[in-house]
Amino acid sequence: MKNYINILALVLFSAAAGFAQTENTGTENVKSSKIGWFITPEISTMFLDNHVGKTVGLQMGFRFFKDHLKVGYFYYGRSGGINNETFATNLQPGVTYKGKSQMQLRSDHGAFGLMIAPSFTLPNSKVEIDLPIMIGAIGAGFYLAGDDRKTPDGRRVSEWENELFQEKDAAGAGLTEFGIRGLFPTKNPSVKVGLGVHYTMVADLKTYYDPTGEFYNNKLRTSLIVQFGSAKK
């Protein structure tokens, strides 16, 4: 699925770049079209069960119809390096690892796909409102951390994780997300800052720790963003 989304993103960017400039015949000069561009890094928090997770991400793409529609690629990820939470996980009966039958696991994930965002400016204001719809995929899992990553027999830690968690240490699933963001102007017309609230749906991402598949499903996420892009004309 990731390859299809990447190909779609490349086709989109190539087509938009081709239309970004139109050459007229005769004595007229080359004129710019109404297509703009944007790059939007973000940091966000995810309100998961019993704790708040942190993510970093990026959206990039093009703006159409006088900035009333944004279309592009999104990615955001939640790494164990910026999330200190651990998850107590009991091993199968009779199974131990370094003499322990319960492990303290870290979690991480990466989400990516296509973003479509209708956009408008509030009346008598320069505040821009985006309604991003994100459709893509997510890969997520739970892994051994700290000294537990030093395996007792020298094998790769991923081999031990597969065996201990019945090859369900990680999984992938489809992701759909709906949100609303407010973007506020700065002194630089090409830069805006914003806040967003998003509702995330992830179906059947089942792992050994979470056999229900509900760890990321029906969750809220808030984001802080900076949007760099072509200025409105």
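The buried residues of helix H2 pack against strand S9, and that is a good place to start looking at this predicted model. In H2 (157-164), the buried residues are Val157, Trp160, Glu161 and Leu164. Seen down the axis of H2, these buried residues fall within an arc of 100 degrees, so they line one face of the helix. Just after H2 comes Gln166, a residue whose phi is positive, near 55 degrees.

**The chain as a whole**

Let's step back for a moment. The protein chain holds two helices and twelve strands. Following the sequence, you will meet them in the order α-β-β-β-β-β-β-β-β-β-α-β-β-β. The chain has 233 residues, and 42% of them count as buried. Among contacts with a separation of 6 or more, 65% are between residues 24 or more positions apart. The chain exposes about 12,600 Å², with carbon and sulfur atoms supplying 60% of that area.

**How the strands pair**

Strand S7 (102-121) is a helpful guide through the fold. Its pairing with S5 is antiparallel and runs over ten bridges, and here Tyr76 stands opposite Ala111 in S7. S7 also pairs with S6 in the antiparallel sense, over four bridges. With S9, S7 again runs antiparallel, joined by eleven bridges; in this pairing Leu114 stands opposite Ile135 in S9. Three bridges join S7 to strand S8 (residues 128-130), and these two run antiparallel as well. Phe120 stands opposite Ile129 in S8. The hairpin of S7 and S8 has six residues between the strands, and in this hairpin Asn124 takes a positive phi near 55 degrees.

Further along the sequence, strand S10 (residues 170-185) and strand S11 (residues 191-202) pair in the antiparallel sense over eleven bridges. They form a hairpin with five residues between them. One point to find in this pairing is Gly182, whose bridge partner in S11 is Leu195. S11 pairs in turn with strand S12 (residues 219-229), antiparallel and over ten bridges. There, His198 stands opposite Arg221 in S12.

The table gathers these antiparallel pairings.

| Strand pair | Number of bridges | Residues opposite each other |
|---|---|---|
| S5 and S7 | ten bridges | Tyr76 and Ala111 |
| S6 and S7 | four bridges | Thr89 and Met103 |
| S7 and S8 | three bridges | Phe120 and Ile129 |
| S7 and S9 | eleven bridges | Leu114 and Ile135 |
| S10 and S11 | eleven bridges | Gly182 and Leu195 |
| S11 and S12 | ten bridges | His198 and Arg221 |

**The largest nonpolar core**

Which residues touch the most other members of the largest nonpolar core? Of its 29 residues, they are Ile138, Leu144 and Tyr216. The elements that give two or more residues to this core are strands S3 (36-48), S5 (69-78), S7 (102-121) and S9 (133-143), helix H2 (157-164) and strand S10. S7 gives the most, with five residues.

Tyr216 is worth a closer look. Leaving out residues up to four places away in sequence, Tyr216 touches Met46, Leu48, Arg78, Ser107, Asp108, His109, Ile138, Ala140, Thr200, Val202 and Leu205. Ile138 is thus both a contact of Tyr216 and one of the residues that touch the most other core members.

**Two buried residues with polar side chains to follow**

Thr89 is found in strand S6 (residues 87-90), where Thr89 stands opposite Met103 in S7. Is Thr89 buried or exposed? Thr89 counts as buried because its relative accessibility is 4%, under the 20% cut-off. Its side chain reaches the backbone oxygen of Phe87 at 3.1 Å. Beyond the residues up to four places away in sequence, Thr89 touches Ser101, Gln102, Met103, Leu105, Phe165, Tyr208 and Tyr209.

Lys219 lies in strand S12. With a relative accessibility of 8%, Lys219 counts as buried too. Where does the side chain of Lys219 reach? The Lys219 side chain reaches the backbone oxygen of Asn217, at 2.8 Å. Apart from neighbours within four places in sequence, Lys219 is in contact with Phe47, Leu48, Asp49, His198, Tyr199, Thr200 and Glu214. Two of these residues, Leu48 and Thr200, are also among the contacts of Tyr216.

Definitions and conventions. Residues are numbered from 1 along each chain as its sequence is written. This is a predicted model: local features need pLDDT of at least 70, side-chain atom pairs count only at pLDDT 80 or more; totals for chains, interfaces and linings use all residues. Side-chain values use heavy atoms; hydrogens and water are left out. Two strands pair if DSSP finds at least two bridges between them. Buried means under 20% relative accessible area, exposed over 50%, partly exposed in between (1.4 Å probe, protein chains only). A polar contact is a pair of N or O atoms within 3.5 Å; within protein, one must be able to donate a hydrogen and the other to accept it, and residues adjacent in sequence count only if both atoms are side-chain atoms. Contact means heavy atoms within 4.5 Å. A nonpolar core is a set of buried Ala, Val, Leu, Ile, Met, Phe, Trp, Tyr and Cys residues joined through side-chain atoms within 4.5 Å. The arc is that of the directions from the helix axis to the C-beta atoms. Accessible areas come from the Shrake-Rupley method with a 1.4 Å probe; for residues, only the protein chains shown count as cover.
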